[in-house]
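Biologist: Can you show me the structure you have open? I would like to go through it piece by piece.

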Amino acid sequence: MEYTGSQYIGEFVDGRMEGDAEYILPTETKYIGEMKDGMFHGQGTLYFPNGSRFDAVWEKGLVVKGTYTFSDGLQYDTENWHYCDSYDRRFYTEICYGLKPAGISQLTNMDPPRKIPPGCYDCGDGFYNPNTRIVKDYNYRFLRNAGLPLKRLQLH
């Protein structure tokens, strides 16, 4: 644990994580559920920092069956996924609460949308400025530098 930065709250059997437990990763993703022989095993849920979750049945650390739920309550359906497809392009909030009046566009599922500076792009955890090549969080704090621009291929 000290090497990975993870935290374990639960029981040990023969020095291995086992039984009902809480396992917190350094990314603040949290697993709450059953462990066996140091692995996710049985019923358990991964809770992600963005508010989404993955409820699953695990076997020796691998998912047997699971359901992903976005932070707004929308559940991913592997068989009948019709969200924002070519036939119905409404966002989940529009499906739940109706469309905006004519002339008012909804550009993301988040309503009201985040404030993004002009000329920047939303990248999920912040916004990217193509002029400075910097990603900042939504409170304008530095997150990371973007990668170097691709150089043009020169043929000789």
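**The nonpolar core and one sheet**

Modeller: The largest nonpolar core has 11 residues in all: Y8, M17, A21, Y23, Y31, M35, F40, L46, F54, A56 and W58. Keep in mind that this is a predicted model.

Biologist: Which elements give two or more residues to this core?

Modeller: Those are β2 (16-24), β3 (30-36), β4 (39-47) and β5 (53-59).

Biologist: Changing topic. In what order do the strands of the open sheet run?

Modeller: The order is β7-β8-β9-β10, so 4 strands in an open sheet, with antiparallel pairing.

Biologist: Which are the edge strands?

Modeller: β7 (121-122) and β10 (142-145), each of which pairs on one side only.

Biologist: How many bridges are there between β8 and β9?

Modeller: Strand β8 (residues 127-129) and strand β9 (residues 134-136) share 3 bridges, in the antiparallel sense. Within that pair, N129 stands opposite I134 in β9.

Biologist: What holds strands of a sheet together in general?

Modeller: Strands pair through backbone hydrogen bonds, and the pairing can be parallel or antiparallel.

Biologist: Now D137. Where is it?

Modeller: D137 sits in the loop between β9 and β10.

Biologist: Is D137 buried or exposed, and why?

Modeller: D137 counts as buried because its relative accessibility is 11%, and the cut-off for buried is under 20%.

Biologist: What does the side chain of D137 lie 2.9 Å from?

Modeller: A polar atom of that side chain is 2.9 Å from the backbone nitrogen of N139.

Biologist: And which residues is D137 in contact with, leaving aside neighbours within four places in sequence?

Modeller: D137 then has contacts with D125, G126, F127 and L143.

Methods. Residues numbered from 1 in each chain as written. Predicted model: local features only at pLDDT ≥ 70, side-chain atom pairs only at ≥ 80, totals over all residues. Heavy atoms only, no water. Core = buried A, V, L, I, M, F, W, Y, C linked by side-chain atoms within 4.5 Å. Buried < 20%, exposed > 50% of the residue type's maximum accessible area, 1.4 Å probe, protein only. Pairing = 2+ DSSP bridges. Polar contact = N/O pair within 3.5 Å; in protein donor to acceptor, adjacent residues only side chain to side chain. Contact = heavy atoms within 4.5 Å.
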